[in-house]
Amino acid sequence: MLSKKVLSFKDRSLKGNISVPGDKSISHRAVMFGSLAKGETRITNFLAGEDCLSTIAAFQAMGVDIVRNNDSVQIQSQGIKGLKEPAEPINLGNSGTTARLLMGILAGLPYHFTLYGDASLSKRPMDRITNPLKQMGAKIDGRENGRLLPISIRGGNLNPIHYHTPMKSAQVKSGVLLAGLLTDGTTVVTEDTKTRDHTENMLKAFGAKLNVNGTEVTVEGNKPLTACDIEVPGDISSAAFFLVAAAVTAGSEVKITNVGLNQTRTGIIDVLQLMDVDITVKEDRIVGGEPIGDIVVKSSKPKAAVIEGDIIPRIIDEIPIIALLATQAEGKTVIKDAKELRFKETDRIESVVSTLKALGAEIEATEDGMIITGGTKLHGGVTNSYGDHRIGMMIAIASLLIEEEVELIDDKCIAVSYPGFFEDLDKLSH
Ligand code: S3P
């Protein structure tokens, strides 16, 4: 039975300060690299969302001693050689990041693994990572010739590779780099446009021999990682929902503190500026190569924009909430070059367009994006997140603009990336 929530807000202006939970991408990587590094790794401000818990469970199943206490995680590892063959298949839940990065690691270990996920993850393409791993020598099979989960891997004896990623994907880049760590040579990954670089920053902090030159990353294999402490910045992809909420509701002013400001992730700030939103950003420190600071957004009169090209990987997870912003902006917003949205937790071109249309927006899907005519008054209705956390949060923020009730079917999936989302929304709307 799917969960259901009726959304109805009396006071629609948002005021106050919050710090959003830890970054999902960085939390996954901290657990993975801490499990590969000999010694004790302590993680603070870890995102205890369902996706990152899948990553913890995977490494526990390989014998790594991982203890979590709310948002603190302690890992004791014997290093790569201490990892064991899991006794059971590994459940990846809803998590694409766990799937693609973990496959890179498992491909380099001399064991057999079986991986499976939920209904959504079982539809998402895995050949983007299994293809380069097969080229490196891993034996991988699965549904549709290794394209879909469940997938089995017989790892070990990998060769280094020079690989150009055919799609703009940090998960693929990271999976190949991790496999490269488990070879005897030098692996080089290049990409057309720089995608999020948390793997590169954090592997350096763990002592990997890694070099970044523009869009080319080189890693030396067979060099041990050393445990270190990781402080996870707040997730700008979670913050984005409240930044847009403050921009589109009258009388609002929201400050998000301690949020990650890595340049490969801050496209949402550029889009808000481009669309004339009143936003102030203050960077105050850099931890483990990741800048952290505060963002303030005030109620604004947003303007439409054309959003395309190299900015897309820097906003890939924020497009659902940007689409909602565009429904309130003056003019026609065009989002292009974003076909990757079709391979997310849902086909996010279809799920965003059909959901916002059902709430009264003027929005059309295109092959690689969407066209939104702004300035529409949204109305109530019955909506479904389709199990996609970011669609669920987009609907919740939309309901701030709607006088009638909005029913949200499957609100619980929001816990994938933001377990306390409704508490934070409540906190800001009082
Ligand atoms: C992620 C990369 C992106 C992003 C996902 C997290 C990562 O996916 O959408 O939420 O942590 O590397 P792609 O690599 O498929 O673009």
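Hi everyone. Let me begin with a definition: two strands count as paired if DSSP finds at least two bridges between them. Please keep that in mind, and also that the model we are looking at is predicted.

With that, here is a sheet. Three strands form an open sheet in the order E1-E23-E22, and the pairing is mixed. What stands at the edges of this sheet? Strand E1, residues 4-7, and strand E22, residues 381-384, do, each with a single partner strand, so one side of each has no neighbour in the sheet. Ignoring direction, neighbouring strands here are turned by 20° against each other on average. If you zoom in on E22 and strand E23, residues 406-409, you will find four bridges in the parallel sense. One place to look is Gly-381, which stands opposite Val-406 in E23.

Next, please find strand E7, residues 112-116. Which of its side chains are buried? Phe-113 and Leu-115 are, and they point to one face, while His-112, Thr-114 and Tyr-116 point to the other face and are not buried. So that you can follow the word, buried means under 20% relative accessible area.

E7 pairs with strand E6, residues 90-91, in the parallel sense over two bridges. Asn-91 has Tyr-116 in E7 as its bridge partner. E7 also runs antiparallel to strand E9, residues 148-154, and four bridges join these two. There, Phe-113 has Ile-153 in E9 as its bridge partner.

Now for the helix that goes with these strands. E6, helix H3 (residues 96-106) and E7 make a right-handed β-α-β unit. Is H3 enclosed by the rest of the structure or not? It is largely enclosed, because 11 of the 11 residues of H3 are buried. Among them are Arg-100, Leu-101, Leu-102 and Met-103.

Helix H10, residues 319-327, tells a similar story: nine of its nine residues are buried, so H10 is largely enclosed by the rest of the structure. Its buried residues include Ile-319, Pro-320, Leu-324 and Thr-327.

My last stop is the aromatic rings. How many aromatic pairs does the structure hold? The structure holds six. In one of them, Phe-242 and Phe-421 are stacked, at 5.4 Å centre to centre with 25° between the planes. Phe-242 lies in helix H8, residues 236-248, and Phe-421 in helix H13, residues 421-428, so this pair ties together parts that are 179 residues apart in sequence. Both Phe-242 and Phe-421 are buried.

Phe-421 has another ring partner, Tyr-418. Here the centres are 5.4 Å apart and the planes stand at 75°, so the pair is edge-to-face. Why is that the right word? Because planes over 60 degrees apart count as edge-to-face, whereas those under 30 count as stacked. Tyr-418 is buried, with a relative accessible area of 1%, and the value for Phe-421 is 0%.

Let's put these rings together. Ring pairs link Phe-242, Tyr-418, Phe-421 and Phe-422 into a cluster. What sits over the ring of Phe-422? The charged end of Lys-5 does, 4.4 Å from the ring's centre.

That brings us back to where we started, since strand E1 covers residues 4-7. Thanks for listening, and do go and look for these residues yourselves!

Notes
Residues numbered from 1 in each chain as written. Predicted model: local features only at pLDDT ≥ 70, side-chain atom pairs only at ≥ 80, totals over all residues. Heavy atoms only, no water. Buried < 20%, exposed > 50% of the residue type's maximum accessible area, 1.4 Å probe, protein only. Phe/Tyr/Trp six-rings, centres within 6.5 Å; stacked < 30°, edge-to-face > 60°. Lys NZ or Arg CZ within 6 Å of the ring centre and 35° of its normal. Right-handed = clockwise from strand over helix to strand, strands pointing away. Axes fitted to C-alpha atoms, helices over the stretch in contact; angles between N-to-C directions.
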